[in-house]
Amino acid sequence: MEFVELESFIVEKMSEKKVPGISISIIKDGEVIYAKGFGYRNVEAKLPSTPETIYGIGSITKSFTALAIMKLAEEGALSLEDPVEKYVNIKLRPFGKPVTIHHLLTHSSGIPSLGYAEAFIEGMIGEDRWLPVASPDQIIAFAKDMEKWAVAKPGERFFYLNTGYVLLGKIISKVSGVPYEEYVRKKILEPLGMKRSYFSKEEVEKDKDVAMGYIVDKEGKLIPQGFPYGITSDGGLLSNVLDLAKYLKMYMERDEKVVSKESIEAMEKPYIKVPWELFGGESYGY
């Protein structure tokens, strides 16, 4: 199979947007049929990107958090309709209606973004805003009055809420009895054979094929920046396209190594409409 047009498109966009490096993989009929790195994982050292290169995968982490919640639900450890207050010491009853685990999974708590993630990241990369939070408990302290920000009843409207997925990570830790990161590793990463997907700085630093983070300044220069370690359940996983191909394959094939086919299909159901529409009818699942 030829990929010349795809490769040409990637190189063109990397040049246009000042992207230092990209890695991709393509799955067909359950197999990785293409995997390649473009550009550099470290521009200064002239180290090329490869299919094995580790990147911070950002909010793709949220799908792992949702999958962990589904695993616990299958085990009978929690219900998706449980109020968040049952597990976390925070009042969440906007307009008198309790926010449930389902509402956090679907970003439908009725509470708009508190700006925590933006302030946290900007502080980590040296911008003016600064929010020195290093654990989920500190986020909960920061967000203790978050219900006052609500502009809709739970279940009525979509508002992307990073804080909600921090709370879900806290629930996973409390219900499972182990740290969130350990639960995801034991119940998801290991069963799927994702051996080079990491949460900790120590693990990443032992790996020899890791992308340097960069921001592009106003002059278009690449400024090296470290990964914002600390809070994990809303965006703290680092992985590579070959590991992620295994993760994607699980959903495509309804593989039951982690949860049942029924749980996977429940995750993909549309639960609430999103405010952006490219094709029409887009909604958010788990």
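## A hairpin of strands 5 and 6

In this predicted model, Gly213 stands opposite Gln225, a residue of strand 6. The pair belongs to an antiparallel arrangement in which strand 5, residues 213-216, is joined by four bridges to strand 6, residues 222-225. Strand 5 and strand 6 form a hairpin with five residues between them, and in the turn Gly220 has a positive phi of about 85 degrees.

## The chain as a whole

The chain holds ten helices and nine strands. Its radius of gyration is 20 Å, close to the 19 Å that the globule rule gives for 286 residues, so the chain is as compact as a globular protein of that length. Taken along the principal axes, the box filled by the C-alpha atoms is roughly 55 × 45 × 40 Å.

## The three-stranded sheet

Three strands make up an open sheet with the order 1-2-3, and their pairing is antiparallel. Strand 1 (21-28) and strand 3 (47-48) stand at the edges with a single partner strand each, so one side of each is left without a neighbour in the sheet. As a general point, strands of a sheet pair through backbone hydrogen bonds, in either a parallel or an antiparallel manner.

Between strand 1 and strand 2, the latter spanning residues 31-42, the antiparallel pairing extends over eight bridges, and within it Ile24 has Lys36 of strand 2 as its bridge partner. The hairpin of these two strands has two residues between the strands, and Asp29 takes a positive phi near 50 degrees there. On the other side of the order, strand 2 pairs with strand 3 in the antiparallel sense over two bridges, with Asn42 having Leu47 in strand 3 as its bridge partner. Four residues lie between the strands in the hairpin of strand 2 and strand 3, where Lys46 takes a positive phi near 55 degrees.

## Helices packed on the sheet

Strand 1 and strand 2, with their eight antiparallel bridges, are also the strands that helix 1 (residues 4-17) touches as it packs on the sheet, the direction of helix 1 making about 25 degrees with that of strand 2. Helix 9, residues 241-253, likewise packs on the sheet and touches strand 1 and strand 2, and its direction makes about 35 degrees with that of strand 1.

## Two lysines in their surroundings

Lys257 is placed in the loop between helix 9 and helix 10 (261-267). When its neighbours within four places in sequence are left aside, Lys257 is in contact with Pro191 and Leu192. Phe158 is 99 residues from Lys257 along the chain, and the C-alpha atoms of the two are separated by 31 Å.

Phe158 also enters the description of Lys273, a residue of strand 8 (residues 272-273), since leaving aside neighbours within four places in sequence, Lys273 is in contact with Phe158, Gly281, Glu282 and Ser283. Lys273 and Tyr284 are eleven residues apart in sequence, while from C-alpha to C-alpha they are 6.3 Å apart in space.

## The second largest pocket

Tyr284 appears again in the lining of the second largest pocket, where 13 residues take part and Ser63, Met267, Tyr284, Gly285 and Tyr286 lie nearest the centre. The space in this second largest pocket is about 280 Å³. By character, the residues of its lining divide into seven nonpolar, three polar and three charged.

Definitions and conventions:
Residues are numbered from 1 along each chain as its sequence is written. This is a predicted model: local features need pLDDT of at least 70, side-chain atom pairs count only at pLDDT 80 or more; totals for chains, interfaces and linings use all residues. Side-chain values use heavy atoms; hydrogens and water are left out. Two strands pair if DSSP finds at least two bridges between them. Contact means heavy atoms within 4.5 Å. Axes are lines fitted to C-alpha atoms, for helices over the stretch in contact, and angles run from 0 to 180 degrees between N-to-C directions. On a 1 Å grid over the protein atoms alone, a cavity is a set of points where a 1.4 Å probe fits but cannot get out, and a pocket is an open set with protein on both sides within 12 Å along at least five of seven lines; lining residues have an atom within 4 Å of a point. Grid points are joined across faces, edges and corners, and a volume is the space filled by probe spheres set on the points. Ala, Val, Leu, Ile, Met, Phe, Trp, Tyr, Cys and Pro count as nonpolar, Asp, Glu, Lys and Arg as charged, and the others, Gly among them, as polar. The radius of gyration is taken over C-alpha atoms; the globule rule is 2.2 Å times the number of residues to the power 0.38.
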